[in-house]
Number of protein chains: 2
Amino acid sequence: METVDTILAGGAVLTMDAGFTIFDPGAVVVHDGEIVAVGPVDEIEASFVAAEVVDCSGKAVMPGLINAHTHVPMSLLRGLADDLRLDVWLMGYMMPVEREFVRPDFCWLGTQLACAEMIRSGTTCFADMYYHEEAIADATARAGLRAVCGQTILKFPAPDAQSYDESLARTRDFVQRWKDHRLIVPSVAPHAPYTATPDLLRTASALALEFDIPLQIHVAETDTEVDEMRETVGMSPVPWIKQHGVLDPKTIAMHCVHLSEDELLTLQRHNTSIVHNPTSNLKLASGFAPVAHMLELGLNIGIGTDGVASNNDLDMFEELRLAAFLAKGVTLDPTALPARQALEMATIMGARALYLDSLIGSLEPGKRADVIVVDLDTVHNSPNFRRDEELIYSQLVYASKGADVVHAMCDGGWLMRERELLTLDRQSLMAQAQDVARRIDAFLVEREESVLRKLVTIGGLARKETYEVQVKVHMSEEVVRRIEETLAGPDFAIGKSSQRRQYDTYFIFHDKWASRIRYREDEVLVRDNMEPVPEDQVEEVIYRLTLTNETKEREYANSVVLSRSRFDALANRSLRFYREYFDPDEEWQVHKERRRFHVRYSNTEFSVNIDRVVRPSIPGAFVEVKSRTWSAQDAERKAVLIGDLLEHFGVGEDDLLREEYLSLAAHPEQLEPVT
Amino acid sequence: METVDTILAGGAVLTMDAGFTIFDPGAVVVHDGEIVAVGPVDEIEASFVAAEVVDCSGKAVMPGLINAHTHVPMSLLRGLADDLRLDVWLMGYMMPVEREFVRPDFCWLGTQLACAEMIRSGTTCFADMYYHEEAIADATARAGLRAVCGQTILKFPAPDAQSYDESLARTRDFVQRWKDHRLIVPSVAPHAPYTATPDLLRTASALALEFDIPLQIHVAETDTEVDEMRETVGMSPVPWIKQHGVLDPKTIAMHCVHLSEDELLTLQRHNTSIVHNPTSNLKLASGFAPVAHMLELGLNIGIGTDGVASNNDLDMFEELRLAAFLAKGVTLDPTALPARQALEMATIMGARALYLDSLIGSLEPGKRADVIVVDLDTVHNSPNFRRDEELIYSQLVYASKGADVVHAMCDGGWLMRERELLTLDRQSLMAQAQDVARRIDAFLVEREESVLRKLVTIGGLARKETYEVQVKVHMSEEVVRRIEETLAGPDFAIGKSSQRRQYDTYFIFHDKWASRIRYREDEVLVRDNMEPVPEDQVEEVIYRLTLTNETKEREYANSVVLSRSRFDALANRSLRFYREYFDPDEEWQVHKERRRFHVRYSNTEFSVNIDRVVRPSIPGAFVEVKSRTWSAQDAERKAVLIGDLLEHFGVGEDDLLREEYLSLAAHPEQLEPVT
């Protein structure tokens, strides 16, 4: 009789070995962190004596689940912002919050919270990709789980590095420190083809080869990404990363939703692993990965939850069930991805996908003891059909829950017994997480409170405050033509002039500042030429975002007003993005044709705009006279000059308009008939 | 201060009222089974004193979930057979087992087991459709849940009725007994358009109108069903059921996966409810219901788990989450079916879909007290963002689990406290369920053991045992032509003759009988005419299924053998069905062209087949002589006559073949060169 540490005895032992052997009732023998024997319970009990025998009857004993793609610290962002379009979610919420909060302590805490959740739902090994990966590795090792930890590298500044050179240096240092750890496999993680440069990819790949470590990369998660790759580099993601050496190391390609047959065959030839993320792909509406077909091609596919922020949990039971369901729905074949294969993907095939199958993924003598015990004796899993031992796969995949996991062990160390965590303090982690959430809420509340702050938070746009004195006049076409003639006369030195079509969208906020954002699509038809322009001739389109308030700063004689714009910059995202990001209380459209004259009058620069408003359709035309200003005194002087100019144009007091185009669009009844 | 029964105090109260009011911290006051007040906890506590105050802090207090379509007794068939094609699953497993086991006690037990599972995952009301519905209603009422109980009506014999007239009579009786029950709403449930006659539909509809009760029907679950409706009745399901009055009562249409825009608009005009079953539709590969679009049309859509056998559980948290995820994936729009709307579908909209919204579905004074309390203070739901109160919907939908439900109340009665069931004995139900599973396993094991029994179980085919004496000869074309001439000579009275193309598929089983099933597609080209036939002229196709064994019963002189076929009947399902249902160990194909002569020789009937085997391609031709036989003596006499006949044909001992075509297909090397 051999004396060993532990025997898990009496359960249905699903080995997930090459023959999918099941011992029921079976037993697993663990000694020194290793699986020493697996077999029928009576044979095992006849050969071994253990310090601890765990009664597993009525339960399944199986390999710990492997979450093959996640971003563990994002557990702290669970439920932060959902049901949003990818760019709004990422650029409006995730990135600003990450820029502000992601530091090593955030990553450490988020990792430990994630580990607590993963242990409680049966995961003992995961592949991570995030920032400050050394903190993640440390938090994981202390929690006693196994992980492939991938230090993220971006061509942009990241929360943990100002440049990719710095990231690469960090990564090399991280790999050297952790490469021989019992539980942690360091990894290099160039984030995605579209966030990398060729040089970045080549250096990352060389690093992975040098240390023989896995390389993780997101590939073809969305079709937009694929389209953009084709446009910018002239090829699809897989040939492009292949060209830059990315398929040479032990590579793990995450998502792979939008790949051509050729690309799949390339991955197959390079023995590249794939990770399928069914929940994330649905929740972010990325599309349906052709998993059943990939499996037919013999690719190694792991299953991953992706980060909590796009899931919103780390429950691998939910994930593997969804993988099985979704494959059937997508292929319209209910025999696609049967239960056993789903479980295989979450265990031994997942281990293979992470290049860890010599260590884990199945219960076989010589492998490390990563084991979970799942209660099958529950109402939601009752009754148990047993005429065919394979029916247990269907039970585990289609009806078991994460909460049915009663014990979990990694590398021979107990992580949980009877659902009590042994390596982590759940209450303390939750309290600390709640504290982080409170601070993030406060940061976002402050931002949400002010449209300006929200504008500044998405970054990339320079803040610029400007003041203008201005007046607006509504007149008949006849009068306007006279003004145009006057402007061409000797009193005015005309500088640059242009014709434009301006499509303005106003977002109105019922906040205390009565904030307004104007998104302008400014089609410049022609510059320095006032001749009529053909319909389709557009020289340039300028997109601008301007933040103003409804209230004016000051009003002078002749309805001349001083207006302030609190923000004015080029807009580099779509109207749709801004609409969903700012979520305005009202939205209005004003389209107009503008002739713009730069005028010098009495040694002062003015803009004179002659506008025809086509949406809403307003007869007649408008004349606007404007000038930038920098001081109250300057503003007052310019207000007087504008009064003079109006006299020159023959404009009477009655023609003056207080309303902006926006109010005319909202309340056209306020408009007097054109004189 | 008013004295009341119960106050649920201090949680985040999600009323799901018209304005989606949330009170956090709030309180719900229950008295006499009714919700008396809902509001901020301090206001409530200032106005009411309760016999029992339940502290709900850190938890969500919300309406009990409504499972709008299920077949509760099928909880006893959980995991019985999965990953199969619909017809194999239904006709190969569900229906044979239901025919054998579904009796009132089965339904009663299955309902109570299902109720236990539903309570533990937050469901307090469901809509059922099954057999022996009075047992289901009784079991539900005793468990204290609310249900719409639909007695199923089929045009075929059902487990509880020999005809639909009997079903309708049962239903009327059932409705009369239960129509005023506090918890049960009886309902009439014609199963589906394709399992109903016009008369059945009209009578069911009249019954629903007479008692003002809901009518439940499956509609357009699969595209096959829709295609077949179009073929057989010349229209799609909705116009057809409308024509027969089905949309006149309070109708609930389940699934609605494959409906045209016109059909959706018809349902909208009739205010017909829809139930969406995302898991079942994926698992059975039925397709994707256009839920986001239906919601835009303003249809009332509930969410249902469908029966356990196609899910495999009754967890509404999983179901509403999947509904939200799937809608995003299908529309490629991550803003589709946001969290609050998913929860709405599982509560107030679900109540509206079941025509129960005046009673339940929201927490509002005057409604019945169907309430659940969900723990939000868990690792998998940590942290909680609270800058916007609506974020709680996202928490509940994307991260909460059924197991987070701590308390459940229906009609003011406690069903569960601190996850302990109060109206049901969980252990006893599970033990009884296990006993049923054991009996079903035994029934299926017996069937699986013998291919013959498996054949008989799917029914519809008559069992027929036959014996034949027969001999087979392999010869050159020249010799065969001589035999054909001989058969046309004076010694033989030729009866009916024919030319055929026979496509035979053999399923080989490595069982103790060495069973073989031959599926024959027998194209009869022409009868009573031995002239060559044009390629495409097929008079009739006969599909036959024949069960034989490898071993012969007896062998006579001249290789004449006595063979037995244990089963021979017309095949009314596809080759694909039989392949998946029987799951043979080997499969072989033999295609041949056959000329078949009915011959009278020495006052005895023989068949002479002249066969050319084209797959596998075998040169020369085969002559088979056969005769049915009924006794050993008769067989012996016929064996001698066959010897005489062979002499007539000039066939030598060397030409005789022991092998069947099947063994030639498997081992063509056994064939001697043609003499």
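Where in chain A does A:Pro383 lie? I looked this up at the start and found A:Pro383 in the loop between strand S16 (371-375) and H15 of chain A. The model is a predicted one, and I read every entry below with that in mind.

**Entry: cis peptides and a positive phi**

I checked the bond leading into that proline. A:Ser382 and A:Pro383 are joined by a cis peptide bond, with omega about -5°. I noted another cis bond in chain A, from A:Asp24 to A:Pro25, where omega is near 0°. A:Pro25 sits in the loop between strand S3 (22-23) and strand S4 (26-31) of chain A.

In chain B I turned to B:Asp306. This residue is not a glycine, yet its phi is positive, about 65°. I placed B:Asp306 in the loop between strand S15 (301-303) and helix H12 (316-331) of chain B.

**Entry: chain A against chain B**

How many residues of chain A are in contact with chain B? I read 68 from chain A, touching 69 of chain B. The two chains bury about 5,500 Å² between them, and carbon and sulfur atoms account for 60% of it. On the chain A side I listed A:Val379, A:Phe385 and A:Arg387 as the residues that lose the most area to chain B; together they make up 14% of what that side buries.

I then went through the polar features of this interface. The rule finds ten salt bridges between chain A and chain B. I looked at the one between B:Glu318 and A:Arg321, in which the closest N and O atoms are 2.9 Å apart. I also recorded 28 residue pairs in polar contact across the interface, both residues at pLDDT 80 or more.

Which helices of chain A each supply at least two residues of the side that touches chain B? I wrote down helix H2 (86-101), helix H3 (104-120), helix H10 (278-283), helix H12 (316-331), helix H15 (391-398) and helix H16 (426-449). H16(A) gives the most to that side, with nine residues. By class, I have 33 nonpolar, 16 polar and 19 charged residues on the side of chain A that touches chain B.

**Entry: domains of chain A**

I took the domain assignment for chain A as domain 1 (1-63 + 363-417), domain 2 (65-360 + 418-443) and domain 3 (460-670). I followed up domain 2 and domain 3, whose centres over C-alpha atoms are 49 Å apart. Five residues of domain 2 of chain A are in contact with five of domain 3 of chain A. These two domains bury about 590 Å², with 57% from carbon and sulfur atoms. In domain 2 of chain A, I noted that A:Arg85, A:Val88 and A:Met91 lose the most area to domain 3, together 64% of what that side buries.

I searched the same boundary for salt bridges between domain 2 and domain 3 of chain A and counted zero. The rule also finds zero residue pairs in polar contact there, with both residues required at pLDDT 80 or more. The side of domain 2 of chain A that touches domain 3 has two nonpolar, one polar and two charged residues.

**Entry: aromatic pairs**

I searched the whole structure and found 23 aromatic pairs over all chains. I opened the pair of A:Phe325 and A:Tyr398, which is stacked, at 5.5 Å centre to centre and 10° between the planes. The pair links distant parts of the chain, 73 residues apart: A:Phe325 is in helix H12 of chain A and A:Tyr398 in helix H15 of chain A.

Terms used. Residues numbered from 1 in each chain as written. Chains lettered and ligands numbered in written order. Predicted model: local features only at pLDDT ≥ 70, side-chain atom pairs only at ≥ 80, totals over all residues. Heavy atoms only, no water. Contact = heavy atoms within 4.5 Å. Buried area = accessible area lost by both parts, 1.4 Å probe. Salt bridge = Lys/Arg side-chain N within 4 Å of Asp/Glu carboxyl O. Polar contact = N/O pair within 3.5 Å; in protein donor to acceptor, adjacent residues only side chain to side chain. Helix = DSSP H or I, 4+ residues; strand = E, 2+ residues; numbered from the N terminus. Nonpolar A, V, L, I, M, F, W, Y, C, P; charged D, E, K, R; others polar. Domains from an automatic or database assignment. Phe/Tyr/Trp six-rings, centres within 6.5 Å; stacked < 30°, edge-to-face > 60°.
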